[in-house]
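User: I would like to go through this model with you, one topic at a time. Could you take my questions as they come?

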Amino acid sequence: MSAAKRIRTLVVDDHHVVRLGLRGIQEIDRKIEIIGDVATAAEALMAVEKKRPDVILLDVRLPDRSGLEICREIKTIRPDAKVLVLTSYADDNWALAAMDAGADGYLLKENDAHKIIEAIHSVMNGGASFDPTITRALVERVRNGGPKNPLGELSELELRVLAQVADGKTDKEAAQVLDLQPKTVRNYLDRTFKKLGVNTRTQATLVYIRNRSQV
């Protein structure tokens, strides 16, 4: 596969050993190319502008600034770039903050290389990737009390489409599962976005994770 077709990935983490380990994923999956690894927020922003990565693996804690602040700036500089937060903090508050900052996924560093590779492909295909540990925490948080469930506004088919999106599937993949046309899936998804008051698949996925236990 030519380099031009590979997923250009930037690693942002202040631990050298972590950066070195993440470089190894390109040896497992040749569709991924690690185009650089940096240790600070300042270096990250420079690399995003200069190297134009497709995916950024981003730690939430950096020595000079918060990774979540950087996530917002990256999304301003490169709206099409995918940001996958990779952290050791299994905290639903951090996950919610990351999603609010525009992150496309939230994974714990304890995951193996294959899970990280899977997450990279998921966000590149328009999906979102959330660590199962965080998903369980968000579900438990909703069970302990919260506002009216916004998923109650969705039709049965809109809810089924959203469930496929939350699972990381593209419109085409969701259409195959639901025996629909991709355009039909897109139409249902557009109506779902309006009902939930969101603009992106990641935001819709977060609403689904927060509230699906009450459906």
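User: Is Asp104 buried or exposed?

Analyst: Asp104 counts as buried, because its relative accessibility is 7%. Please note that this is a predicted model.

User: Which residue forms a salt bridge with Asp104?

Analyst: The partner is Lys75, and the closest N and O atoms of the pair are 2.8 Å apart. The two residues come from distant parts of the chain, 29 residues apart: Lys75 belongs to helix α4 (residues 67-77), while Asp104 sits in the loop between α5 and β5 (105-108).

User: And Lys75, buried or exposed?

Analyst: Lys75 has a relative accessibility of 18% and therefore counts as buried, the limit for that class being under 20%.

User: How many salt bridges are there in total?

Analyst: The count comes to 15 salt bridges. Among them is the one between Glu69 and Arg65, with the closest N and O atoms 3.3 Å apart. Glu69 counts as partly exposed because its relative accessibility is 37%, and Arg65, at 31%, is also classed as partly exposed.

User: What does Asp167 pair with?

Analyst: Asp167 forms a salt bridge with Lys169, where the closest N and O atoms are 2.7 Å apart. With a relative accessible area of 54%, Asp167 is exposed.

User: Which residues are joined into a network by shared partners?

Analyst: Asp171, Arg186, Asp190 and Arg201 are joined into one network by salt bridges that share partners.

User: Let us turn to the sheet. What is the strand order?

Analyst: The order is β2-β1-β3-β4-β5-β6, in an open sheet of six strands with parallel pairing. The edges are formed by β2 (32-38) and β6 (129-130), each of which pairs on one side only.

User: How many bridges join β3 to its neighbours β1 and β4?

Analyst: Four bridges join β3 to β1, and four join β3 to β4. In the pairing with β1, Val11 stands opposite Leu57 of β3. In the pairing with β4, Val55 stands opposite Lys82.

User: Which way do the side chains of β3 point?

Analyst: Val55 and Leu57 point one way, Ile56 and Leu58 point the other way, and all of these residues are buried. This agrees with a general pattern: in a regular strand, side chains alternate between the two faces of the sheet.

User: What about the pairing of β5 and β6?

Analyst: β5 and β6 pair in the parallel sense over two bridges. Tyr106 stands opposite Phe130 in β6.

User: Which strands does helix α6 touch?

Analyst: Helix α6 (residues 113-124) packs on the sheet and touches β1 (7-12), β2, β3 (55-58), β4, β5 and β6. The direction of α6 makes about 155 degrees with that of β4.

User: Back to Tyr106 for a moment. Which residues does Asp91 contact, sequence neighbours aside?

Analyst: Leaving aside neighbours within four places in sequence, Asp91 is in contact with Tyr106 and Ile134. Asp91 lies in the loop between β4 (82-87) and α5 (92-100). Its relative accessibility is 28%, so Asp91 counts as partly exposed. The C-alpha atoms of Asp91 and Leu108 are separated by 9.9 Å, and these residues are 17 apart along the chain.

User: Now helix packing. At what angle do α8 and α10 pack?

Analyst: The angle between helix α8 (residues 156-166) and helix α10 (residues 182-196) is about 95 degrees, and their axes are 9 Å apart. The two helices are therefore roughly perpendicular to each other.

User: Which residues meet there?

Analyst: From α8, the residues are Leu157, Glu158, Val161, Leu162 and Val165. They meet Val185, Tyr188, Leu189, Arg191, Thr192, Lys195 and Leu196 in α10. By class, this contact has eight nonpolar, one polar and three charged residues.

User: Finally, what are the overall figures for the chain?

Analyst: The protein chain has eleven helices and six strands. Buried residues make up 50% of its 215 residues. Of the contacts with a separation of 6 or more, 66% are between residues 24 or more positions apart.

Technical notes:
Residues numbered from 1 in each chain as written. Predicted model: local features only at pLDDT ≥ 70, side-chain atom pairs only at ≥ 80, totals over all residues. Heavy atoms only, no water. Axes fitted to C-alpha atoms, helices over the stretch in contact; angles between N-to-C directions. Parallel < 35°, antiparallel > 145°, perpendicular 65-115°, else oblique. Contact = heavy atoms within 4.5 Å. Nonpolar A, V, L, I, M, F, W, Y, C, P; charged D, E, K, R; others polar. Buried < 20%, exposed > 50% of the residue type's maximum accessible area, 1.4 Å probe, protein only. Salt bridge = Lys/Arg side-chain N within 4 Å of Asp/Glu carboxyl O. Pairing = 2+ DSSP bridges.
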